[in-house]
Structure formats: C-alpha cells, structure tokens
Amino acid sequence: MRTVRAPATSANLGSGYDVFGLALETPADVVRVERAEETSISVTGVGSTYIPEDPKSNTVGAVAEALGVTAHIHIDKGVRPSSGLGSSAASAAGAALALNALYDLGHSRTELVSAAAEGEALVSGEAHADNVAPSLLGGFTVVTDDGITQVDASLSLVACLPEMVVSTRDAREVVPSSTSRAAVTETVGNAATLAVGMTRNDPDLVGRGMDDPVVTPARAALIDGYDDVRAAALDAGATGVTVSGAGPSLLAVCRASDQRAVADAMLETFDAAGVESRAYQTRIGQGATLYD
Ligand SMILES: Nc1ncnc2c1ncn2[C@@H]1O[C@H](COP(=O)(O)OP(=O)(O)O)[C@@H](O)[C@H]1O
Ligand SMILES: N[C@@H](CCOP(=O)(O)O)C(=O)O
C-alpha cells in the first residue's frame, strides 16, 4: 500500500493560459493505492458525492491505465471538485506518484506528468498539464510542448472559493479562439513580467503580470460578483487577482502582512453579492508527498 498527499494548484495565473501553474500549500487530496487484479475506486471527503467511482470516469482510472497497472485506489478529497483549484488534477497527480511507487515503475516526477495529464483529458477534453505539473513538482511551473520549467517560488496567496460550480470543460468553451495582435503583445509582456517576478519572489511583479485581456474576461463573466471581489482584494493590498484555473475560485497574490485583510475583503464582498465562500490563506507549496 502507498499513500500520497497531492496539493491543490492554481493554473493560468491570468497571462499563462494552459502554461503557468503553481502548487498551493493547502488544501490537498490524499490518495492511497493497493495492488489489485482490476482497478476499483472509492472516494470520501469534500464533494465526494459528485465524483464518479467508475475507473472510466475518474481521473485516477485514466492514470492507472496510462501507467499500465491496476489497483484499488482510495481518494480522500480535500480539494472540492469543479473549484478551479485543480481538484481533478490533485487526485491524478497523487495516483501517478503512488502507483509509480507501488509497482516500482521508476518514473521521475517529470515523466509522471504526462500520465497524470491523461486524467485531465478525461474530464476536460484536453490533456492540459498546467495543474498536474505543479501538483507533482511543487512551486511555480511553466509547461510547454518542449518540456517543463520549475521554480521554487515563495509567495503568500489567498484562494477564495465561492459556493458555485464551474466545470473546466464548459469554461474552456468560452475562451475566444482568436485575438488581436495588441492582445498578444500585452499577454506576452505580462507573462514575461510574471515569470521574472516568480524567480525573484516579488509579489509586485507577479501581480502586475497576472492581467490578461483575452481569457480571464470571458471566464470572469461566469463568476457572480467577480469584479467587486477582485476590486476589494486589490483595495485590501493584493498585488494581483485573477480567476484561478477555469474558476470559480479567485487567486490573489499579496504580502504576508496583507493576507488576512485580503481574505476578509474577498469573503465579505462575495457575501454582499449573496454568495457564500471560503478563503484559503496559503502559500506556494511543495509537490506531492509520498508517505509510506
Ligand atoms: N478524482 C477526481 N477528483 C475530482 N473530480 C473528478 C475526479 N474524477 C473525475 N472528476 C470529475 O471532474 C470534474 C471536476 O474537474 P474540473 O471541472 O476540472 O474541476 P477542477 O477545477 O476542480 O479540477 C467533475 O465533473 C468531477 O466529477
Ligand atoms: N488551463 C486550464 C486549467 C483548468 O484548471 P482547473 O483547476 O479549473 O481544472 C483551463 O484554464 O482550462
């Protein structure tokens, strides 16, 4: 038996659609695997009633198949599904690392990213790896067709999750399929600024680089109260705020001294819009941990 704690993640960070991602210290899924002749799945924890236990529909089933192994896989969900916090990816990353250890497959964490991304293909239609990469590797990650670059960045964050559901598959449908030259220039400039900021652990540079004129406005329209919550977080000291992944969570970058005020401002503003929410006061964290 092997057990892995796999963290939630926040993908895109505004300017890095399907490319940027970071691991959160909290929350996380815990995935336990045991050898079995056929793959079976059980799920407990946050939102577990909405998660299929059929291996053909659960991200961990796709991961086991991609790795060519069978197992009983138990998932204890800490990351609510359809949250924009890489819930489906946390289970997939955890299963990949746990199965690799259980069967002594000898893959590196980087090699496991593509197997874990098969879980994302199952639920969102595309094997985007911008959640599974940071869940496996930790820190800030840049995923391209040519490989993965990882930075052990350190920043304070608030991830605010409203009581609403946005499916990643649906939110991918609203992303514009073409854009202007000016928008490309702006996005490239912001993405480069953000990446430099990550190498310097600089919340101002990272925050400045989180704006994007194309993907985020289309997704923000799916989140009740988005503009007001973002404005309140910025007023309270956040250096940047954007949609986390495909939403509905919002991710704010801030200084540690402002974290509490930013979290309170986001919660109060969602509340004023009639939306219940919870805020994780967290940091960029490490990748999945193998316990036994
Ligand atoms: N192990 C899993 N954990 C979470 N969601 C899963 C899992 N396996 C399948 N799903 C399905 O994936 C969808 C949630 O994934 P997604 O829309 O990408 O949201 P998130 O941003 O939380 O990852 C839900 O329909 C859920 O039932
Ligand atoms: N790049 C993906 C990220 C989806 O993240 P999730 O946490 O919402 O699953 C996208 O933007 O579609």
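This passage walks through the surroundings of two ligands in a predicted model, then turns to a stretch annotated as a binding site.

Ligand 1 is a good place to start. A shell of 23 residues surrounds ligand 1, and the closest of them are Ser87, Ser88, Ser91, Val123 and Thr168. Three elements give two or more residues to this shell: helix 1 (59-67), helix 2 (87-102) and helix 3 (109-124). Helix 2 has the largest share, with four residues. As for chemical class, the shell around ligand 1 holds 13 polar and ten nonpolar residues, and no charged ones. Where does ligand 1 sit relative to the domains? Domain 1 (2-151 + 285-290) and domain 2 (156-282) both give residues to the shell, so ligand 1 lies between them.

Ligand 2 comes next. Here the shell has 15 residues, with Ala11, Gly84, Thr168, Gly245 and Ala246 as the closest. Thr168 thus turns up among the closest residues for ligand 1 and also for ligand 2. Helix 5 (residues 168-173) gives the most to the shell around ligand 2, namely three residues. Sorted by class, the residues around ligand 2 come out as seven polar, five nonpolar and three charged. So much for class; as for domains, the shell around ligand 2 takes at least three residues from domain 1 (2-151 + 285-290) and at least three from domain 2 (156-282).

Then there is the annotation. An unreviewed UniProt entry lists Arg80, Pro81, Ser82, Ser83, Gly84, Leu85, Gly86, Ser87, Ser88, Ala89 and Ala90 under "binding site". Some of these names have already come up: Ser87 and Ser88 are among the closest residues to ligand 1, while Gly84 is among the closest to ligand 2.

Two other residues from that list, Ser82 and Ala90, can be placed in more detail. Ser82 is in the loop that runs between strand 4 (71-77) and helix 2. Is Ser82 buried or exposed? Ser82 counts as buried because it has 23 C-beta neighbours inside 10 Å, and the cut-off for buried is 20 or more. Leaving aside residues up to four places away in sequence, Ser82 touches Ser87, Val165, Val166 and Ser167.

Ala90, for its part, lies in helix 2. With 34 other C-beta atoms within 10 Å, Ala90 is buried too. Again leaving out residues up to four places away in sequence, the contacts of Ala90 are Ala6, Pro7, Ala8, Ala28, Asp29, Val79 and Ser135.

Conventions: Residues are numbered from 1 along each chain as its sequence is written. Chains are lettered from A and ligands numbered from 1 in the order in which they are written. This is a predicted model: local features need pLDDT of at least 70, side-chain atom pairs count only at pLDDT 80 or more; totals for chains, interfaces and linings use all residues. A residue is near a molecule or strand if its C-beta atom, placed from the backbone, lies within 6 Å of it. Ala, Val, Leu, Ile, Met, Phe, Trp, Tyr, Cys and Pro count as nonpolar, Asp, Glu, Lys and Arg as charged, and the others, Gly among them, as polar. Domain bounds come from an automatic or database domain assignment. UniProt positions are given in the numbering used here, feature names are shortened, and annotations may be inferred rather than shown by experiment. A residue is buried if 20 or more other C-beta atoms lie within 10 Å of its own, exposed if 12 or fewer, and partly exposed in between; C-beta atoms are placed from the backbone. Two residues are in contact if their C-beta atoms, placed from the backbone, lie within 7 Å.
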